[in-house]
Amino acid sequence: MSNNDFNTRLFKHLDDHQKDYIQRLSDAVSIPSVSAWPEHRHEVVRMVDWTKSLLEKLGVKVELSDVGKQKIADGKEIDLPNVILGTYGNDKAKKTVLIYGHLDVQPAQVSDGWDTEPFVLTEKNGKLFGRGSTDDKGPVLSWLNVIEAYQQLNEPFPVNVKFCLESMEEYGSEGLEDLLKSLKNTFLSDVDFVVISDSYWLGKEKPCLQYGLRGICYFFLDVECSTKDLHSGCFGGTIHEAMTDLIALMSTLVDDQGHILIDGVYDEVAPLLPEEEQLYKPITFDTKAYCSEAGVEKTIQKEKEQILMHRWRYPSLSLHGIQGAFDGVGCKTVIPRHVIGKFSIRIVPNMKIATLEKLVEKHIQNIMKERKSPNKVSVKLEHGGDYWVADPNNPQYIAARKATVAVHGIEPDLTREGGSIPITLTFQEQTGKNVLLLPIGASDDGAHSQNEKFDIINYMNGMKVMGAYFQEIAKL
Ligand SMILES: C[C@H](N)C(=O)N[C@@H](Cc1c[nH]cn1)C(=O)O
Ligand SMILES: [Zn+2]
Ligand SMILES: [Zn+2]
């Protein structure tokens, strides 16, 4: 049977089973596998076990890898969730594709401003709302649904598949790098290609393939002023407050143009070459839609090319929050004794995590020297993940382009991603093979945000592209 004939059967089969795929995603979303909430670790473990059962039902040989402990607040330690290593097929005549994805999600609560329960998948106007629907439970399940569809059609699977599914991605992929290094000569040794579906298109209509990611360095800035919280009427105006120092420090990190104010941060950033500049011109990107997806009036940069460069190839610094500060409703006249500011820096070629860590430390020390405060201040890199850039002319990208054309009828844009998948570079280094980012979600999916969603059409077409991709890989 030709590829085209099989595609027609596969696509129809997938369409006929849409309801089952939505139900499966609903089951996955109902498990609140938030990696950033230590008290929810049992839910993350439940998600790992649920996925293991599903993989085993599909005939995937599964091993759970213990990746050690995680240090949490106050010196306590908890188990990191096991990493799922799966093997499906072992035919030496076939190519082996390693699929990476993650089963953990960002925190979510109705009180954050969700219109629906975040852990109840809710269908509205062709969209499936729920935490993890697009990041990354929907894409991970898409791969599994495709394997199931081949089986139900009695079609031999065209490639061998290996799975690496972790559950700490949203917390910097703790434990995974060491595991992958230890698997270099075993589990990873026969991998031909690595593929990851854990990112988003640049718009709502046009598919893309991505060949770059920014890295991330996440910092905790700790300020302590007293042995207990204090009455601001009794002590305000007489002591050096922790919040005052912290707000002052945090306001020295980045200016209103998004420019990072830490000395030396831009020194290692790769210069923009004329060839690279040309790459941005043909990319389809609607700056108005970008603003409306973010719910903002305007962006800092005006031109499409500039916006994309600041998303993909320049670093950025974001302030995320303050632990220990009063954030409830109403008024509380307290001076908090201990606060921790959270900020992250997205890093790009050729920045080094170790250099950045030193620059941040020096910056904080310098600012504190200027202040006449006796408070205890420290800054710590909570987690760091490298940037990654690949060769988009690799045969794997050509295969994915053909698969995209078979489903969408258009060539995908070749783009980069502003977010981070901290382990990507490690896959490239430990396998020595090409890594492809194959996003299937739309730009307005709202990953990490309130009302995260996954469009049914993207779910369905994403599976079709994945199904066709396996056939194209088999031809290489
Ligand atoms: C792009 C990917 N789906 C994602 O959301 N990655 C996270 C990874 C991360 C690292 N530290 C915390 N989260 C991201 O880019 O924020
Ligand atoms: Zn995410
Ligand atoms: Zn993700």
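The following paragraphs describe the domain arrangement, ligand shell and one sheet of a predicted model.

In this predicted model, local features require pLDDT of at least 70 and side-chain atom pairs count only at pLDDT 80 or more, whereas totals for chains, interfaces and linings use all residues. Residues are numbered from 1 along each chain as its sequence is written, and chains are lettered from A and ligands numbered from 1 in the order in which they are written.

The protein chain is divided into domain 1 (3–214 + 387–474) and domain 2 (215–270 + 313–385), with bounds from an automatic or database domain assignment. The C-alpha centres of domain 1 and domain 2 lie 34 Å apart. Across the boundary, 10 residues of domain 1 are in contact with 9 residues of domain 2, contact meaning C-beta atoms, placed from the backbone, within 7 Å. The side of domain 1 that touches domain 2 comprises 4 nonpolar, 4 polar and 2 charged residues. In this classification, Ala, Val, Leu, Ile, Met, Phe, Trp, Tyr, Cys and Pro count as nonpolar, Asp, Glu, Lys and Arg as charged, and the others, Gly among them, as polar.

Ligand 1 lies between the two domains, because domain 1 and domain 2 both give residues to its shell. Of the 15 residues around ligand 1, Asp135, Gly172, Asp198, Gly419 and Ser420 come nearest; a residue is near a molecule if its C-beta atom, placed from the backbone, lies within 6 Å of it. Helix 4 (133–152) and strand 11 (215–224) are the elements that give two or more residues to this shell. Helices (H or I, at least four residues) and strands (E, at least two) are DSSP runs, numbered from the N terminus. By class, the shell holds 5 nonpolar, 5 polar and 5 charged residues. Asp198 is placed in the loop between strand 9 (193–196) and strand 10 (208–213).

Strand 11 also belongs to an open sheet of 4 strands, in the order 13-15-11-16, with antiparallel pairing; two strands pair if DSSP finds at least two bridges between them. Strand 13 (316–323) and strand 16 (376–385) are the edge strands, each pairing on one side only. On average, neighbouring strands of this sheet are turned by 20° against each other, direction ignored. Strand 11 and strand 15 (residues 338–347) run antiparallel and are joined by 10 bridges, and Leu221 has Gly341 in strand 15 as its bridge partner. Helix 11 (residues 353–370) lies across strand 11, strand 15 and strand 16, running at about 160° to strand 16; axes are lines fitted to C-alpha atoms, for helices over the stretch in contact, with angles from 0 to 180 degrees between N-to-C directions.

Technical notes: Contact = placed C-beta atoms within 7 Å.
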